[in-house]
Amino acid sequence: MSHQISVMVHTPAHSGIGGALTYESGTAHTAGTLVRVPLGSRELLGVVWGGAAPHADSGETAPMQLRAIASVLEGLTPLNAHWRQLVQFAASYYQRSAGEVALAALPSQLRDLSAEQWARRLKRKPKVVAAYEGTTQTIPTPTEEQAQVLADIATHKGPFLLFGNTGSGKTEVYLRAAQAVLEHNPQAQILVMVPEINLTPQLEERFRARFCPQWGADCLVSMHSSLTPAQRLKNWLAAHSGEARIVLGTRMAVFASMPHLQLIVVDEEHDPSYKQQEGARYSARDLAIYRGQLEGAKVILGSATPSLESWHHSRPVTTSEPAGRYMRLAMPSRVGQGALPLVRRVDMNRQPYKTVFSNHLLDAMRERVTRGEQILVLLNRRGYAPVLNCNDCGWKSECPHCSAFRVFHKLDRTLRCHHCGFTQPVPRACPSCGNLDISPLGRGTEQLEEHLAELLADVRRPDGEPIRIARIDADSTRLKGELERQLAEVHAGAVDVLVGTQMIAKGHDFRRVTLVAALNTDGALFSSDFRAPERLFSLLMQAAGRAGRDATMNLVSPCEMWVQSHHPQHPLFEALKQHDYPAFAEQQLKEREQATLPPFSFQALVRAEARSQEAAQGFLNAAREAGAALADELMVDLYPAVPMTIQRVANIERAQMLIECTSRKALQHFLAHWQADLHALRNAHRQVIRWAVDVDPLAI
């Protein structure tokens, strides 16, 4: 007897095939089994989604023509019900097809291997894992605050928001919470997420030093996009089989198959990197909360500057509103008598025109270097200069394919678009008028590094050697292993001044840094994006947290953070000076409540891309008209279509439409029923290349 089997394959949401496809099989297969199935002329990996239904030909009607499954990937236990439910929820909430989410969550090599190739792989003898040879780690005694937080985690269900100052020992809390889970259950698994790849190596080393001596060198695996396909498959299989007890990774790790998951840690939970920006635009932080509920696992969200949504969800009980859904745990003190830096604000209105570093800041930097201390300079813009400019005719280095400027990179003498990647050599003269005098406008980290080398050329280290300046950004760390090498030099004290973008502002434990300087911070103060002040405050607080982590470095002079601004009296800088995140959050939440912005409302964006702006906006406005009646019924606001901030990228015009509602349930109901209209309109608007729905967008 044949069986009808529902199989999820990778079908994008815009294909119109949103659910499972039905295939025929001679045997029943358990839901979650991985199979290879024909689709058109191709053969794809699929996941059995529903139970097999017996199918017999009665002879009364013509038999349904079903294609048979091609093969089964033997030797793999089925993906469990909780994993499939997580995928189904993510697909439904973020308006994508379940097959797209499910198959994208699996390793690419697993999707590409045929059944024969998979069988050969299974026959390989597993490599003998060498014993862990790292240094034995001295386990510190927990502080009173850490002990209280760990007790609360042990006795309450959660989810927990761990609000701990930079340097308060949040990582030690994660380590001890993980150890308690592993010791309590011999099969338990733990998922630890970090926002960016560059934070993975140092955290991985701490976890290995703590757990590998007891549970073996293969007890921990990592998952991030820098792994080779073979490495990712190997680590995924280790987690899926339960062999790996700890999975440490970036946002993609939230979909790791972990059948015995009991603890989820989301470090730096405020970071926007947890939001996927392509394909299924999911929030890994929010899915971690949902997965914890599914699996009965405890969830810890950790940050010194929590997102305002998480802060609001962890609010205590008041007379005006009930308590939030999260339990807030506070660790305000730094470990080992480390001190938070003294924040100094420099009014750039009182400095000479085009001043980059004020004289007082330069004097402070010279003093620190001569004492053997380190300095961190933050400028969140890479390259040498954002624009090249001709003073005669006004020509600027615009990208011919994007509505943006190409950035001047002096090291390789190129103009490079950071949006489409278009690169050209720097012209010898102005392409418009022939003027030989074209000059850079603004500054990036390359120029800052060069300028500091000139300003501090006469400064000597305690050993009499010249000052050493290093730069860490996406350009200087492009080569494999370069980031680790440069960070090792900083930790070893071989670097005196570290210039960089936000890559150096969070998560790093720089023990010798005693001065942090933040430049060009004013842009976010008056941005049209209502989340810009939150991101700026978070970045500055995180950067300030790199200083003063070692109490012995504060004995001669207190550690400092210098902020150069044309608006030094802005309330954001007032809160920063006091290191008062609660006051900043309260002020921001009050403004958002008055304007009915998240977390007091819920948003979605529909983005469209076409060869012309008129076509993109035409599709969106037609969609707005099609959904108007249902939107009025559900009290959902549909705003007119507008161009995106950068409206053209790689010769593709982009537009967006905002959807807003005070009820998450009503917004989801509207989006689910509106999908049919969007698919129908896509067929009528052939000029539209692609469209996508972004639920809970972070940038508008």
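## Surface and overall form

The protein exposes about 31300 Å², and carbon and sulfur atoms supply 52% of that area. This value, like those that follow, is computed on a predicted model. Buried residues make up 54% of the 700 residues in the protein.

For a chain of 700 residues, a compact globule would have a radius of gyration near 27 Å, and the protein, at 27 Å, agrees with that expectation. Along the principal axes, the C-alpha trace spans about 95 × 65 × 60 Å. The mean position of the 74 positive charges and that of the 71 negative charges are 3 Å apart.

## Secondary structure and contacts

The chain is built with 18 helices and 29 strands. When contacts between residues at least 6 apart in sequence are considered, 76% of them join residues at least 24 apart. The residues discussed below include individual examples of such pairings across the sequence, in helices, in strands and in loops.

## Aromatic pairs around F89

A search of the whole structure finds 15 aromatic pairs. One of these is formed by F89 and Y93, whose rings are stacked with 5.7 Å from centre to centre and 20 degrees between the planes. Both residues belong to helix α1 (residues 81-93), where they are four residues apart, or about one turn of the helix. With regard to solvent, Y93 is buried, having a relative accessible area of 9%, whereas F89 counts as partly exposed at 28% relative accessibility.

F89 also pairs with Y290: the ring centres are 3.8 Å apart and the planes lie at 10 degrees, so this pair too is stacked. Because F89 lies in helix α1 and Y290 in helix α9 (residues 284-295), the pair ties together parts that are 201 residues apart in sequence. Y290 has a relative accessible area of 19% and is therefore buried, the cut-off being under 20%. Elsewhere, F163, W311, F537, Y581 and F584 form one aromatic cluster.

## Two positions with distant sequence neighbours

G383 lies in the loop between β15 (374-378) and β16 (387-390), and with a relative accessible area of 0% this glycine is buried. If residues up to four places away in sequence are not counted, G383 touches V407, F408, H409, G444, T445, E446, Q447 and D475. For one of these partners, Q447, the C-alpha atom is separated from that of G383 by 7.5 Å, although the two residues are 64 residues apart along the chain.

I646 is found in strand β27 (residues 642-649), and its relative accessible area of 21% makes it partly exposed. Once its neighbours within four places in sequence are left aside, I646 is in contact with S403, A404, H419 and R654. The C-alpha atoms of I646 and C402 are separated by 7.6 Å, while the residues themselves are 244 residues apart along the chain.

## Backbone geometry in the loops

Most residues other than glycine have a negative phi, and most peptide bonds are trans. Against that background, several loop positions of this model deserve a separate description. The peptide bond from G158 to P159 is cis, with omega near 0 degrees, and P159 is placed in the loop between α5 (144-155) and β7 (160-164). A cis peptide bond also leads from P598 to P599, here with omega near 10 degrees; P599 sits in the loop between α16 (581-595) and β25 (602-610).

Positive phi values are found at H579 and A650. H579 is not a glycine, yet its phi is positive at about 55 degrees; this histidine is located in the loop between α15 (571-577) and α16, and at 17% relative accessibility H579 counts as buried. A650, likewise a residue other than glycine, has a positive phi near 55 degrees. The loop that holds A650 runs between β27 and β28 (652-661), and A650 counts as partly exposed at 41% relative accessibility.

Technical notes
Residues numbered from 1 in each chain as written. Predicted model: local features only at pLDDT ≥ 70, side-chain atom pairs only at ≥ 80, totals over all residues. Heavy atoms only, no water. Helix = DSSP H or I, 4+ residues; strand = E, 2+ residues; numbered from the N terminus. Rg over C-alpha atoms; globule rule 2.2 N^0.38 Å. Buried < 20%, exposed > 50% of the residue type's maximum accessible area, 1.4 Å probe, protein only. Contact = heavy atoms within 4.5 Å. Areas by Shrake-Rupley, 256 points an atom, 1.4 Å probe, with all protein chains shown as cover. Lys, Arg positive; Asp, Glu negative; His and termini not counted. Charge placed at Lys NZ, Arg CZ, Asp CG, Glu CD. Phe/Tyr/Trp six-rings, centres within 6.5 Å; stacked < 30°, edge-to-face > 60°.
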